[in-house]
Amino acid sequence: MNFSEVFKLSSLLCKFSPDGKYLASCVQYRLVIRDVNTLQILQLYTCLDQIQHIEWSADSLFILCAMYKRGLVQVWSLEQPEWHCRIDEGSAGLVASCWSPDGRHILNTTEFHLRITVWSLCTKSVSYIKYPKACQQGIAFTRDGRYMALAERRDCKDHVSIFVCSDWQLLRHFDTETQDLAGIEWAPNGCVLAVWDTCLEYKVLLYSLDGRLLSAYCAYEWSLGVKAVAWSPSSQFLAVGSYDGKVRILNHVTWKMITEFGHPATVNNPKTVVYKEAEKNPQLALGRLAFPAPRAAASPASNTESKFSLQTLKPIADRANPKIGVGALAFSPDNYFLATRSGQWLRPAPGPLTLSFEPQCSDPRRRKPDSVPNAVWIWDIQKLRLFVVLEQLSPVRSFQWDPQQPRLAICTGGSKVYLWSPAGCLSVQVPGEGDFQVLSLCWHFSGDSMALLSKDHFCLCFLETEERVRTAFGRPGDHT
């Protein structure tokens, strides 16, 4: 594993182009385009203000830079560096900007979600879409780029409109059985649209392309509900992360739950491998992995009961948006594994210590789940069981699957990056002067490299070939 030199960065704005040839990064009001292979600067663009958002077009020929404070969007061309486009929303303001799938239209959402403006780079025409809903995820495109679903709020009711992206004509419009719609997401095959309600109402709705309600799912009532939703790449499964600390898997045939995964603080399954990050002892030989040998709760042939406890945090229950529940989940590209994280780390606020005492609830379904922000659970989807638990020393900030194989990259805000594959686990120190704190990461589509992002800098991490990686990882039983 090799690392590039460190480059400057602002606001964690660093993205690979979809074709994998370029790498865009921002330094305040400057946009830097580099060649992925040589990291040489190809283009340097200067924007009118500090850049707050960047996004590549699908064909990698254009890149937009949004400056929300000034209500501006600037578009740059890689083929014709002298060409540029400036979009000013004026007094309407700007809160979001994105490309359409064809890479020739830009969708700008004005302040207070009054409307969405569709700007055409080819004809210079402008179209308007009214009543967009201010929610967590209100716009979703099908993977083939043919349709766009938009969450709307009209007359105090939630609606969904489906548009044809080629001419922006309305295809379907229907109301949803939600109290306060929180998000929408297309299945990868583009046949089913998942709609979920506010966290105060546990409800997941599945709609067909023509607006028919296929199924409605509710796991429980009178408690905080859905927190995150993820489709499997094959569209066969829908994973629903909930505030009760469980993930429920729905199948695509009956849309019923086939299993649920809990996130207990104690792992007692003898078939589950637990990797626990440990402080490195200076007396140990150089080259020793920071992860000790994987721990199984007990040998399959052993009759003795063994348990492994994970580090937990008690959630603060008397504040809005409690840091509990499964808020991050992602399927591996081959559909074999599901990675989840239960709970989020919240830095304690300075001030005097306050104690609160609450009576214990006798019903286990109504108890508040503990937050386990330091662990990543990896589930075997074929066997529907817990496969591996990775417990870090620090709370997990981000994780992302390799686009080409079941290999998971994890960062915790420290100076290390962690990799897991079915062959084993590895932690690598990011070299360089000072303390490079990895706050986020993103894979190159080939899986051969990834960008590691800190607050003010970034670098590229180049991985070895698959054969060498297997040799470096070894198998879980080979670590000593």
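A salt bridge is a side-chain nitrogen of Lys or Arg within 4 Å of a carboxyl oxygen of Asp or Glu. In this predicted model, Lys133, Arg153, Asp158 and Asp180 are linked in a network of such salt bridges. A search of the whole structure finds 12 salt bridges.

## Overall composition

The chain contains 1 helix and 41 strands. Of its 480 residues, 49% count as buried. When contacts between residues at least 6 apart in sequence are considered, 47% of them join residues at least 24 apart.

## Individual salt bridges

Three further pairs are listed below with their N to O distances.

| Basic residue | Acidic residue | N to O distance |
|---|---|---|
| Arginine 154 | Glutamate 152 | 3.1 Å |
| Lysine 157 | Aspartate 175 | 3.5 Å |
| Arginine 248 | Aspartate 244 | 2.6 Å |

The pair formed by lysine 157 and aspartate 175 links distant parts of the chain, with lysine 157 in strand E17 (residues 157–164) and aspartate 175 in strand E18 (residues 169–175), 18 residues apart. Lysine 157 is partly exposed, its relative accessible area being 43%. Aspartate 175 is likewise partly exposed, at 39% relative accessibility.

The bridge between arginine 154 and glutamate 152 joins residues of unlike exposure: arginine 154 has a relative accessible area of 29% and is partly exposed, whereas glutamate 152 has a relative accessibility of 1% and counts as buried. The cut-off explains the assignment of glutamate 152: buried means under 20% relative accessible area, and the value for this residue is 1%.

In the third pair, aspartate 244 and arginine 248 meet through their side chains at 2.6 Å. Arginine 248 counts as buried because its relative accessibility is 5%, the limit for that class being under 20%.

## Nonpolar cores

The largest nonpolar core has 22 residues, and those that touch the most other members are Val247, Leu310, Leu338, Trp377 and Val389. Two or more residues of this core come from each of strand E23 (226–231), strand E24 (237–242), strand E25 (246–251), strand E31 (326–331), strand E33 (372–380) and strand E34 (385–391). Strand E33 supplies the largest share, 4 residues.

Which residues does leucine 310 contact, leaving aside its neighbours within four places in sequence? Its partners are Pro264, Ala265, Val267, Val372, Ala375, Trp377, Val389 and Glu391. Two of these partners, Trp377 and Val389, are themselves among the core residues that touch the most other members.

A second, separate core has 17 residues, including Ala182, Leu206, Val226 and Trp255.

## The second largest pocket

The second largest pocket has a volume of about 1300 Å³. Its lining consists of 38 residues, and Gln137, Phe141, Arg143, Glu185 and Gln400 lie nearest its centre. By class, the lining divides into 26 nonpolar, 8 polar and 4 charged residues. Strand E39 (residues 440–443) gives the most to this lining, with 4 residues.

## Isoleucine 139

Isoleucine 139 is found in strand E15 (residues 139–141). At 26% relative accessibility, this residue counts as partly exposed. What does isoleucine 139 touch, not counting residues up to four places away in sequence? The residues are Ile116, Met148, Ala149, Leu150 and Ile184. Isoleucine 184 is 45 residues away from isoleucine 139 in sequence, while the C-alpha atoms of the two residues are 7.1 Å apart in space.

## Positive phi angles

Two loop residues have a positive phi although neither is a glycine. Glutamine 28 has a phi of about 60° and lies in the loop between strand E4 (22–27) and strand E5 (30–35). Glutamine 28 is partly exposed, with a relative accessible area of 45%.

Aspartate 155 has a phi of about 50° and is found in the loop between strand E16 (147–154) and E17. Is aspartate 155 buried or exposed? Its relative accessibility is 73%, and because exposed means over 50%, aspartate 155 counts as exposed.

Technical notes
Residues numbered from 1 in each chain as written. Predicted model: local features only at pLDDT ≥ 70, side-chain atom pairs only at ≥ 80, totals over all residues. Heavy atoms only, no water. Core = buried A, V, L, I, M, F, W, Y, C linked by side-chain atoms within 4.5 Å. Buried < 20%, exposed > 50% of the residue type's maximum accessible area, 1.4 Å probe, protein only. Contact = heavy atoms within 4.5 Å. 1 Å grid on protein atoms, 1.4 Å probe; cavity = no way out; pocket = protein on both sides within 12 Å on 5 of 7 lines; lining within 4 Å. Points joined across faces, edges and corners; volume = space filled by probe spheres on them. Nonpolar A, V, L, I, M, F, W, Y, C, P; charged D, E, K, R; others polar.
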